[in-house]
Amino acid sequence: MQLTQKETTLLKDMKSQEKLCVEKYTKYASNALDPQLKELFTSIANVEQQHLNTISSIEQGNMPSSNSGSSQTVKTTFTSHYGMGDTPDKQADCYLCSDLLADEKHVSGLYNTCIFEFTDKTVRDTLNHIQK
């Protein structure tokens with residue numbers, strides 16, 4: 001697979017962002033106070049690592065399979081660990097979640113751009129799959 005200069009640059013940007021996501025989710029998993037949040041961050045770090053691996057593979061010129069990206073599901077139902085009050089633990093975990101949500105929004109915007117910039121349909125489909 002032959003990549004254009006622009007595609008190569010976009011892949012570097014995505015790779016950098018995915019690497020940062022892996023690092024942050026991993027770090028925040030150890031910093032989170034809620035046990036369910038720790039588990040969630042660890043699970044998402046694994047998914048982000050899959051994304052990083054896929055982007056690295058594309059960057060090396062390998063054609064992704066139609067299911068590349070992420071096959072792992074993330075648990076989405078939780079029982080509240082905190083009471084109604086605004087405690088320091090709750091505030092700390094809230095900060096972690098807010099920071100990671102901002103990162104995800106940024107990365108999603110980058111994927112939006114990339115999906116329309118790549119000429120290869122399989123790569124576009126893979127990036128679209130990752131974004132979803």
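In this predicted model, the helices α2 and α4 pack with their axes 11 Å apart and at an angle of about 165 degrees. Because an angle over 145 degrees counts as roughly antiparallel, α2 is roughly antiparallel to α4. The crossing of these two helices, α2 and α4, is left-handed. On the side of α2 the contact is made by His 51, Thr 54, Ile 55 and Ile 58, and on the side of α4 by Val 123, Thr 126, Leu 127 and Ile 130. By class, the residues of this contact of α2 with α4 divide into 5 nonpolar and 3 polar, with no charged residue.

A second packing involves α3 and α4, whose axes come within 9 Å and cross at roughly 160 degrees. The helices α3 and α4 are therefore roughly antiparallel to each other, and their crossing is left-handed. The contact is formed by Ser 108, Tyr 111, Asn 112, Cys 114 and Ile 115 of α3 together with Arg 124, Leu 127, Asn 128, Ile 130 and Gln 131 of α4. This contact of α3 with α4 has 5 nonpolar, 4 polar and 1 charged residues. Leu 127 and Ile 130 of α4 are listed in the contact with α2 and also in the contact with α3.

The pockets can be described in similar terms. The largest pocket holds about 420 Å³ of space, and the elements that give two or more residues to its lining are α1 (5-31), α2 (35-59), α3 (88-117) and α4 (121-131). Among these elements, α3 provides the largest share of the lining, with 7 residues. The lining of the largest pocket consists of 21 residues, of which Tyr 25, Ile 44, Glu 48, Glu 104 and Gln 131 lie nearest the centre. Gln 131, one of these, is also one of the α4 residues in the contact with α3.

The second largest pocket has a volume of about 210 Å³. Of the 14 residues that line the second largest pocket, Asp 34, Leu 37, Ser 80, His 81 and Tyr 82 are the closest to its centre. Here the elements that give two or more residues to the lining are α2 and α3, and the largest share, 4 residues, comes from α3.

The table sets out the lining of each pocket by residue class.

| Pocket | Nonpolar | Polar | Charged |
|---|---|---|---|
| Largest pocket | 12 residues | 5 residues | 4 residues |
| Second largest pocket | 6 residues | 5 residues | 3 residues |

Conventions. Residues are numbered from 1 along each chain as its sequence is written. This is a predicted model: local features need pLDDT of at least 70, side-chain atom pairs count only at pLDDT 80 or more; totals for chains, interfaces and linings use all residues. Side-chain values use heavy atoms; hydrogens and water are left out. On a 1 Å grid over the protein atoms alone, a cavity is a set of points where a 1.4 Å probe fits but cannot get out, and a pocket is an open set with protein on both sides within 12 Å along at least five of seven lines; lining residues have an atom within 4 Å of a point. Grid points are joined across faces, edges and corners, and a volume is the space filled by probe spheres set on the points. Ala, Val, Leu, Ile, Met, Phe, Trp, Tyr, Cys and Pro count as nonpolar, Asp, Glu, Lys and Arg as charged, and the others, Gly among them, as polar. Axes are lines fitted to C-alpha atoms, for helices over the stretch in contact, and angles run from 0 to 180 degrees between N-to-C directions. Angles under 35 degrees count as roughly parallel, over 145 as roughly antiparallel, 65 to 115 as roughly perpendicular and the rest as oblique. A crossing is left-handed if the near helix is turned anticlockwise from the far one by less than a right angle, and right-handed if clockwise. Contact means heavy atoms within 4.5 Å.
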